[in-house]
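Me: I'm new to this one, so could you walk me through it slowly once it's on screen?

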Amino acid sequence: MQIPKLACCNFISEAEPLKAFALEHGFTGIDWSFMQETLPQSPAEESALVKTISSLRPLEVRYHCACKKIDLGDLNEGNSEDAMSIFRRVCGLVSKLEGHFLTIHVGLGRDTTIDLAWNRTIDRLADLVRYANGMGVRLCLENLAWGWTSRPELFEKLIRKTGCWATIDLGHALVSPSILTQQYRVKDFVIPQAERILNAHIYHEENNERHLPPKKLEDLEDRLRMILQLPWCDWWVLELKEQKPLLQTLEIVRKFLQRQKKQIGSDLSRSTT
């Protein structure tokens, strides 16, 4: 069994207490989110961020770009070009921070795809993947609770046609209209691109953009077992931004992993007798 790295978000604004919290509770990484308003705007701000990220060692850091309504496939050509400029800048920043993984979205913050162009999204996302590759960054597309990436068949096409890697968000998947209507199952987000998924966002479900923790292991067990079987998904982000629900989720995830270890040990013991 591959033991996943458990990461928390940068939900504490100061690096020193964030690092202390992560180490105290046994996290091995930080999933650092950028929003448009928090991106460094000058060389001095970039240098300060480099120093901040360096101070988090020995924790591993991966990156998440949560810029709302910034889309490569925007029907407005100017907006689309601006989006490409922003995402390229973020890729360059991640490379400068010695990072190798960046999660992005299609349609984040929108309640309609009417102002997005499918073919432009495919073409420009493929261009961005190539650009990120040149920077030594693996670009990962996350499934959202609504829109194109909330539909397993379109999520698969976006990944396959662009060469993107993937981040599977378990809470988004659960509340996807495709799942709620039983047109698809949660595992349909995973099966077609099992070898492209590098990261998982773990919590129970999203409700009005709020991430809710599981109340018991059974809330998450099937989904955790699903991602545990993925060959390259070794980065599990407990994506909750308040301490109590985060630690509640951590306890449940650890209980799951301990059970899996015991089961494997039991299976090995039987196979050698």
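Me: How exposed is arginine 225 here, in terms of relative accessibility?

Reply: Bearing in mind that this is a predicted model, arginine 225 counts as partly exposed, because its relative accessibility comes to 31%, and partly exposed covers what lies between the buried limit of under 20% and the exposed limit of over 50%.

Me: And which residue does arginine 225 form a salt bridge with?

Reply: The partner is glutamate 221, and the closest N and O atoms of the two are 3.0 Å apart. Both residues lie in helix 8, where they are four residues apart, about one turn of the helix. Glutamate 221, at 17% relative accessibility, counts as buried.

Me: OK, which residues are joined into one network by salt bridges that share partners?

Reply: Lys5, Glu60, Arg62 and Asp234 are joined in that way. Within this group, the side chains of aspartate 234 and arginine 62 meet at 3.4 Å, N to O. Aspartate 234 is in the loop between helix 8 (217-228) and strand 10 (235-238) while arginine 62 is in strand 3 (residues 60-65), so this salt bridge ties together parts that are 172 residues apart in sequence.

Me: Are those two, aspartate 234 and arginine 62, buried or exposed?

Reply: Aspartate 234 and arginine 62 are both buried.

Me: How many salt bridges does the count come to?

Reply: The count comes to 18 salt bridges, and another of them joins the side chains of aspartate 127 and arginine 130, with 2.2 Å from N to O. These two are three residues apart in helix 4 (residues 118-134), which means that about one helical turn separates them. Aspartate 127 is partly exposed, with a relative accessible area of 33%, whereas arginine 130 is exposed, at 52%.

Me: Switching topic, how many cavities of 30 Å³ or more are there?

Reply: There are two cavities of 30 Å³ or more, and the largest holds about 40 Å³ of space. Its lining is made up of Cys65, Cys67, Ile70, Phe87, His105 and Leu108, which divide into five nonpolar residues, one polar and no charged.

Me: And what lines the second largest cavity?

Reply: The second largest cavity, with about 30 Å³ of space, is lined by Leu39, Pro40, Glu46, Arg89, Val90 and Leu93. Helix 3 (residues 77-96) gives the largest share of that lining, three residues. Here the lining divides into four nonpolar residues, no polar and two charged.

How values were computed
Residues are numbered from 1 along each chain as its sequence is written. This is a predicted model: local features need pLDDT of at least 70, side-chain atom pairs count only at pLDDT 80 or more; totals for chains, interfaces and linings use all residues. Side-chain values use heavy atoms; hydrogens and water are left out. On a 1 Å grid over the protein atoms alone, a cavity is a set of points where a 1.4 Å probe fits but cannot get out, and a pocket is an open set with protein on both sides within 12 Å along at least five of seven lines; lining residues have an atom within 4 Å of a point. Grid points are joined across faces, edges and corners, and a volume is the space filled by probe spheres set on the points. Ala, Val, Leu, Ile, Met, Phe, Trp, Tyr, Cys and Pro count as nonpolar, Asp, Glu, Lys and Arg as charged, and the others, Gly among them, as polar. A salt bridge is a side-chain nitrogen of Lys or Arg within 4 Å of a carboxyl oxygen of Asp or Glu. Buried means under 20% relative accessible area, exposed over 50%, partly exposed in between (1.4 Å probe, protein chains only).
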